[in-house]
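Please look over the structure shown here before reading on, and keep it at hand while you work through the points below. The briefing moves from the whole chain to single residues.

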Amino acid sequence: LSFYNEQMSLFQAISVLQWVLIIVSVIILVSVLVSQFIHDKNSSMGACDNGSGCVILLNLARYFHDHPLQNTQLKFIWCTAEEWGMYGSKEYVKAHQKEIADHYKQSCIINVDMVGSELAYVAKSGFLKKKPFNEKLNTLIAETADENHIEARAYNTMLASNSDHAAFKKQKIEAAFFLSNKDTKFIHSPQDTLDKVKPEKLDDAVALLIKVIQKVDEGNKSTI
C-alpha cells in the first residue's frame with residue numbers, strides 16, 4: 001500500500017507538471033497572437049513607449065558630451081523592432097560578441113524603456129519565485145534617489161524579460177530596467193499621448209541617471 005501511494009504521488013506530480021507546461025504553452029501562444037494583432041493594428045503616438053526613453057537618453061548623451069566620464073566608456077544604444085522580438089538588441093549583442101565576452105564582468109546596462117506618470121524600475125522578477133533583478137545596480141539607484149530626494153518606485157513583476165536588456169542579461173551583463181508599469185495600459189494604442197508623460201518625471205530620470213552613472217564611474221573602471 002505504501003508503494004502504491006508513492007507511485008500515485010509521483011504520477012500525480014507528473015500530471016500536474018504536464019498541465020502547468022500546457023498552460024504556460026497556451027499563455028505564450030496567446031501572447032504571440034495578441035502581440036501580432038497589436039503590431040498589425042498599432043496606432044500609438046508613442047509618447048510613453050518609447051518617446052520618453054528616447055528623450056531621456058538624448059538628454060543624457062548631451063550632458064555627458066559636455067561632461068565626459070574619466071574611467072568609463074559610455075555607450076548609448078537605440079534598438080529597433082523590440083515589439084517584434086527584440087531583434088535590434090539581439091543583433092547588437094551578436095555583432096559585439098567578442099567585446100561583450102571580454103568585458104561582461106565589468107559592464108552593466110541601464111534600459112530606459114519608458115517613463116510616463118511615474119519614474120519606476122523593476123526590483124524583483126520571476127514567475128514562481130521573485131528574484132532580485134540585479135546584484136548592485138538597484139541598490140545604487142535606490143541610494144542615489146534617496147540622497148537626491150527623487151521619487152523612484154521599485155516594484156516586483158512576474159515578467160521582465162520582454163525588453164531590450166534581455167539579450168544583454170543572457171550574456172551575464174548586470175542590467176537595470178526602468179519601466180513605468182502603471183502606464184503600460186496606454187501603450188500600443190491611441191491613448192499613448194503626450195499628456196500621459198509628466199515632464200518633471202523625465203527631469204527626475206535624467207537627474208537620477210546622471211548621478212548613478214557618475215557613481216559607477218567613480219567606483220569602477222567599467223563599461224556601461
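What follows is a briefing on the fold, the surface, the charged pairs and a few individual residues.

The model is a predicted one, and the values below were computed from it. The protein chain has 224 residues, of which 38% count as buried, and its secondary structure comes to seven helices and five strands.

**The chain as a whole**

- Read along the sequence, the helices and strands of the protein chain follow the pattern α-α-α-α-β-β-β-α-β-α-β-α.
- Among the contacts in the protein chain with a separation of 6 or more, 86% are between residues that stand 24 or more positions apart.
- The protein chain exposes an area of about 13,800 Å², and carbon and sulfur atoms supply 59% of that area.

**A nonpolar patch on the surface**

- Val 16, Leu 17, Val 20, Leu 21, Val 24, Phe 127, Leu 128, Met 158 and Leu 159 form a nonpolar patch on the surface, and together they have about 920 Å² of accessible area.
- One member of this patch is Leu 21, which is placed in helix 1, a helix that covers residues 2–41.
- Leu 21 counts as exposed because its relative accessibility is 52%, and the cut-off for exposed is over 50%.

**Salt bridges**

- Side chains of opposite charge can pair when their charged atoms come close, and a search of the whole structure finds six salt bridges, including the three described here.
- Lys 75 and Glu 99 meet through their side chains in a salt bridge, with 2.5 Å from N to O. Lys 75 lies in the loop between helix 2 (47–66) and helix 3 (87–95), while Glu 99 lies in helix 4 (residues 97–103), so this pair ties together parts that are 24 residues apart in sequence.
- Lys 75 is partly exposed, with a relative accessible area of 27%, and Glu 99 also counts as partly exposed, at 27% relative accessibility.
- Asp 102 forms a salt bridge with Lys 98, in which the closest N and O atoms are 2.9 Å apart. Both residues lie in helix 4, where they are four residues apart, or about one turn of the helix.
- Asp 102 counts as partly exposed at 44% relative accessibility, whereas Lys 98 counts as exposed at 63%.
- Glu 151 and Lys 201 meet through their side chains in a salt bridge, with 3.8 Å from N to O. Glu 151 lies in the loop between helix 5 (137–147) and strand 4 (153–157), and Lys 201 lies in helix 7 (residues 199–219), so the pair ties together parts that are 50 residues apart in sequence.
- Glu 151 counts as exposed at 59% relative accessibility, but Lys 201 counts as buried at 12%.

**A buried glutamate without a salt bridge**

- Which side chain of opposite charge is nearest to Glu 174? That side chain belongs to Lys 136, but it is 7.2 Å away, and Glu 174 is buried yet has no salt bridge.
- Glu 174 is placed in strand 5, which covers residues 174–179.
- The side chain of Glu 174 reaches the backbone nitrogen of Glu 135 at 3.2 Å, and a polar atom of that side chain lies 2.6 Å from the backbone nitrogen of Lys 136.
- Leaving aside residues up to four places away in sequence, Glu 174 touches Ser 107, Cys 108, Ile 109, Asn 134, Glu 135, Lys 136 and Leu 137.

**A buried alanine in helix 6**

- Ala 167 lies in helix 6 (residues 166–169), and it counts as buried because its relative accessibility is 12%, with the cut-off for buried set at under 20%.
- The C-alpha atoms of Ala 167 and Val 93 are separated by 6.8 Å, although the two residues are 74 residues apart along the chain.
- Leaving aside residues up to four places away in sequence, Ala 167 touches Ser 89, Lys 90 and Val 93.

**Positive phi values in two loops**

- Most residues other than glycine have a negative phi.
- His 149 has a positive phi, near 55°, and this residue lies in the loop between helix 5 and strand 4, where it is exposed with a relative accessible area of 74%.
- Lys 172 has a positive phi of about 70° although it is not a glycine; it is placed in the loop between helix 6 and strand 5 and is exposed, with a relative accessible area of 65%.

Technical notes. Residues are numbered from 1 along each chain as its sequence is written. This is a predicted model: local features need pLDDT of at least 70, side-chain atom pairs count only at pLDDT 80 or more; totals for chains, interfaces and linings use all residues. Side-chain values use heavy atoms; hydrogens and water are left out. Patches are made of residues with over 30% relative accessible area and no salt bridge: like charges are joined within 9 Å, nonpolar side chains (Val, Leu, Ile, Met, Phe, Trp, Tyr) within 5 Å. Accessible areas come from the Shrake-Rupley method with a 1.4 Å probe; for residues, only the protein chains shown count as cover. A salt bridge is a side-chain nitrogen of Lys or Arg within 4 Å of a carboxyl oxygen of Asp or Glu. Buried means under 20% relative accessible area, exposed over 50%, partly exposed in between (1.4 Å probe, protein chains only). Lys and Arg count as positive and Asp and Glu as negative; His and the chain ends are not counted. A polar contact is a pair of N or O atoms within 3.5 Å; within protein, one must be able to donate a hydrogen and the other to accept it, and residues adjacent in sequence count only if both atoms are side-chain atoms. Contact means heavy atoms within 4.5 Å.
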